[in-house]
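This briefing covers side-chain contacts in one protein model. Please keep the sequence and the coordinates at hand while reading.

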Amino acid sequence: MTKLGVHIINSTDAAKRLARLAPVVKGVTPTSIPALREALPCATTIYRPWFSEETQRDILAMRPFDGGRFVHETIERELDGLKVDYVELLNETAQRLGVGLERHMELVSEATWRLHLDGYKVAGFSFSWGGMEYDDITELAYNAWCGADALAIHEYFAPKIGLGSSSLEMGLRYRDIIFPAADNAGKERPKLLITECGVGTLANPYAGWLGNLETDRYVGRLMGYANMIEADPEVIGACVFTAGTRFEEPSVHNLWGGFDVDELDSKWLEAKCPEKS
């Protein structure tokens, strides 16, 4: 397996250890930067700044020129000289035509050319679990993915449904939506970065794998998912959500503790790096 990696929030000792094993490593917020620096030279590295929902709305309300500049400058400032392979922009917002996707497309186009000048590839849109639909992806295809080098998507799978089942609660939705949309539009399929993945339920989205599965079963699910995405050359990699949920400040609520993989058996990461795309 060469495509399954790790998502990191805080640079705990365990997160740094996982970063040294993973073929794909994503960090979000500056607290992930020390762990990102531990990634293997051959690993595909990804960074996303954290913007609040209010800030994302403000960015999309700006002129695309100003919004693109703001996102670009934020990424440059937070990375502080660290070079990564891909950067994400906004997260799980303005995902549907008629409710903001058009503005989001303008923002991605503007930010992408700026980031390309600095040598970054862009993973655009960061579609939420179940957030992408056929018509929206078709529009992106006709617009050449707005210049982005890859589409970023999030995939979670329900604990009691077989992998690959036709369900909103399953991963591999890109096979049912993105691939047909690109093919039917006569466009090249995009590269995909699954920048979040794991077990979750729509009924209780914060329970994570810890609230749904025994450890051995979860590791088995991850390895099964890794084998499935291995078959799709368009998929660059997938990042298991998440390492480093613990904050140093005791007062900070650990919202994502149910997903924590810091102490999870790391055999799902022991793979050589793939060739970078």
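The notes below deal with salt bridges, aromatic pairs and charges over rings.

The model is predicted. Its salt bridges number 14, and its aromatic pairs number 12. Selected cases follow, with the burial of the residues involved.

**Salt bridge within a helix**

- Arg 103 and Glu 106 form a salt bridge, with 3.4 Å between the closest N and O atoms.
- Both residues belong to helix 5 (residues 101–117), where a spacing of 3 residues puts about one helical turn between Arg 103 and Glu 106.
- Arg 103 is partly exposed, at 33% relative accessibility.
- Glu 106 is likewise partly exposed, with a relative accessible area of 38%.

**Salt bridges between separate parts of the sequence**

- Glu 234 and Arg 189 form a salt bridge in which the closest N and O atoms are 3.4 Å apart.
- Glu 234 is in the loop between helix 9 (215–230) and strand 8 (235–243), and Arg 189 is in the loop between helix 8 (178–184) and strand 7 (192–199), so this salt bridge ties together parts that are 45 residues apart in sequence.
- Glu 234 has a relative accessible area of 14% and is buried, because the cut-off for buried is under 20%.
- Arg 189, at 31% relative accessibility, counts as partly exposed.
- Asp 262 and Arg 246 meet through their side chains in a salt bridge, at 3.2 Å from N to O.
- Asp 262 and Arg 246 both lie in the segment after strand 8, so the pair ties together parts that are 16 residues apart in sequence.
- Asp 262 is buried, at a relative accessible area of 1%, whereas Arg 246 is partly exposed, at 43%.

**Salt-bridge network**

- A network of salt bridges links Arg 63, Asp 66 and Arg 69.

**Aromatic pairs**

- The structure holds 12 aromatic pairs, of which two are described here.
- Phe 125 and Phe 127 are a stacked pair, because their ring planes lie at 20° to each other, with the centres 5.9 Å apart.
- Phe 125 and Phe 127 are both buried.
- Tyr 156 and Phe 259 are an edge-to-face pair, because their planes lie at 75°, with the ring centres 6.0 Å apart.
- This second pair links distant parts of the chain, since Tyr 156 is in strand 6 (residues 150–157) and Phe 259 is in the segment after strand 8, 103 residues apart.
- Tyr 156 is buried, with 6% relative accessible area, and Phe 259 is buried as well, with 3%.

**Aromatic cluster**

- Tyr 156 and Phe 259 also belong to one aromatic cluster, together with Trp 129, Tyr 206, Phe 241 and Trp 256.

**Charges over rings**

- Arg 189, which is partly exposed, lies over the face of Phe 179, at 4.2 Å from the ring centre.
- Arg 189 thus appears in two contacts, the salt bridge with Glu 234 and the position over the ring of Phe 179.
- Arg 114 lies over the face of Phe 65, at 4.6 Å from the ring centre.

Note on methods. Residues are numbered from 1 along each chain as its sequence is written. This is a predicted model: local features need pLDDT of at least 70, side-chain atom pairs count only at pLDDT 80 or more; totals for chains, interfaces and linings use all residues. Side-chain values use heavy atoms; hydrogens and water are left out. A salt bridge is a side-chain nitrogen of Lys or Arg within 4 Å of a carboxyl oxygen of Asp or Glu. Helices (H or I, at least four residues) and strands (E, at least two) are DSSP runs, numbered from the N terminus. Buried means under 20% relative accessible area, exposed over 50%, partly exposed in between (1.4 Å probe, protein chains only). Rings of Phe, Tyr and Trp (its six-membered ring) pair if their centres lie within 6.5 Å; planes under 30 degrees apart count as stacked, over 60 as edge-to-face and the rest as tilted. A charge sits over a ring if NZ of Lys or CZ of Arg is within 6 Å of the ring centre and within 35 degrees of the ring normal.
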